[in-house]
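User: Please take a close look at one helix packing in this model and set it out carefully, then place it among its surroundings.

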Amino acid sequence: MRIRICFHDKCFDGACSAAVFTRFYHATVNARAEVDYRGLAHRAGQLFDADIFDGDENAIVDFKYSPSDRLTWWFDHHQSAFLSESDAEHFRRDRSGRKFFGPDFKSCTKFIAHIGETKFHFRAPDLDELVHWADIIDGAQYPDTQTAVEMSHPATQLTLVIEGSKSDDFVPRLIPELASRPLAEVAALPHIRKMFDELYQLHLKSVDIIRAAARLEGGVVFFDVSDQEMEGFNKFIPYYLYPAAVYSVAVSRSPQRSKIAVGSNPWNPTPKNANLATICERYGGGGHAKVAAISLPPTDLDRTRQVAREIVRELQASLCP
Ligand SMILES: [Mn+2]
């Protein structure tokens, strides 16, 4: 018996969701099930490859819904969880009792732990630390910019490593560690330590690049680093550099996509009325109310820049009384 677990790749919450779901599945469904992990990424065009649901059971955690009849478990908390109204309708008609949508949860990890406990009597107290930190990190609930950007806690170090990993099997190999050890032990594994040290140097460089590129205007900090090789920068750097910023809009590019990342400054108390997921959905993107993104083909850089400028203007206008 084999279960395929698809998770949001290169995302701390995605990896932690897969870890908690694995423990949940072994504890409540089948203790001997073999698990295969597969990371899923947002991209322009088709999201799911045809052969992806190849297990006896197939799960998706922290990622969009699929109406495939091969999908047996689903957990997500993103506002933009459904690619179409017909997918949403398919979900609403589901009577399996194994597909769950929790848009009010800050992390999918906590959502899975909550459903596990309230509907299946599943408890794993040794994972409480993991659940707690997934909620802080995915919900951008860091106490301050220093915690988010200076990365002295093991959870923030693991986030850097997960977001910065280049190989497809890195996160799948990390998930069993997250499911079975305290975060400090996982972060102290020699290969993780080494990756962290390398990525932290790049992180410090990206702080300098963003400092040089960013401009704060009308409450919105904007920067375009599409000419640099840095797709995966820490999304809190703009607020670390510009505490007065309410929103940030960033243009970046990788071989796979041009990207517009839109965020709001969790430490700036200015009232924020814009729903960033709704704005990004208009351009084919999505995410959460407070942080969202749009992916376009890597060749569409002009269009990407134009959309970014439109969003900057819309956010500036939303801040004018
Ligand atoms: Mn998530």
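Analyst: In this predicted model, helix 6 and helix 9 pack with their axes 9 Å apart and at an angle of about 80°. An angle from 65 to 115 degrees counts as roughly perpendicular, and therefore helix 6 is described as roughly perpendicular to helix 9. On the side of helix 6, the contact is made by Gln157, Leu160, Val161 and Gly164, while helix 9 contributes Ile192, Met195, Phe196, Leu199, Tyr200 and His203. Sorted by class, this contact holds 7 nonpolar and 3 polar residues, and no charged ones. An α-helix has 3.6 residues a turn, so residues three or four places apart point the same way.

Helix 9 itself covers residues 190-213, and its 24 residues should span 34 Å at 1.5 Å a residue, which agrees with the 35 Å that separate its end C-alpha atoms. Within helix 9, the buried residues are Ile192, Met195, Phe196, His203 and Ile210. Ile192, Met195, Phe196 and His203 are also named in the contact with helix 6. The buried residues of helix 9 pack not just against helix 6 (154-164) but also against helix 8 (183-187), strand 7 (220-224) and helix 10 (237-241).

A second helix pair offers another geometry to set beside this one. Helix 1 (residues 12-28) and helix 3 (residues 108-120) have axes that come within 8 Å and cross at roughly 20°, and because angles under 35 degrees count as roughly parallel, helix 1 is roughly parallel to helix 3. Helix 1 takes part through Asp13, Cys16, Ser17, Val20, Phe21, Phe24 and Thr28, and helix 3 through Cys108, Thr109, Ile112, Ala113, Gly116 and Phe120. This contact divides into 8 nonpolar, 4 polar and 1 charged residues.

Beyond helix 3, in the loop that leads to helix 4 (128-138), lies His121, which has a positive phi of about 55° although it is not a glycine. Most residues other than glycine have a negative phi. His121 is exposed, because it has 9 other C-beta atoms within 10 Å and a count of 12 or fewer is the condition for that class. Asp62, in the loop between strand 3 (57-61) and strand 4 (73-76), likewise is not a glycine and has a positive phi, of about 60°. Asp62, however, counts as buried, because 30 C-beta neighbours lie inside 10 Å.

On the scale of the whole chain, the domain assignment gives domain 1 (2-139) and domain 2 (215-319), with 27 Å between their centres, taken over C-alpha atoms. Where the two meet, 6 residues of domain 1 are in contact with 11 residues of domain 2, and the side of domain 1 that touches domain 2 is made up of 1 nonpolar, 4 polar and 1 charged residues. Returning to helix 9 by way of one distance, the C-alpha atoms of Asp208 and Arg309 are separated by 23 Å, and the two residues are 101 apart along the chain. Arg309 has its place in helix 12 (residues 301-319), where Arg309 is partly exposed, with 14 other C-beta atoms within 10 Å.

Conventions: Residues numbered from 1 in each chain as written. Predicted model: local features only at pLDDT ≥ 70, side-chain atom pairs only at ≥ 80, totals over all residues. Domains from an automatic or database assignment. Contact = placed C-beta atoms within 7 Å. Nonpolar A, V, L, I, M, F, W, Y, C, P; charged D, E, K, R; others polar. Axes fitted to C-alpha atoms, helices over the stretch in contact; angles between N-to-C directions. Helix = DSSP H or I, 4+ residues; strand = E, 2+ residues; numbered from the N terminus. Parallel < 35°, antiparallel > 145°, perpendicular 65-115°, else oblique. Expected span 1.5 Å × (residues − 1). Buried ≥ 20, exposed ≤ 12 C-beta atoms within 10 Å, placed from the backbone.
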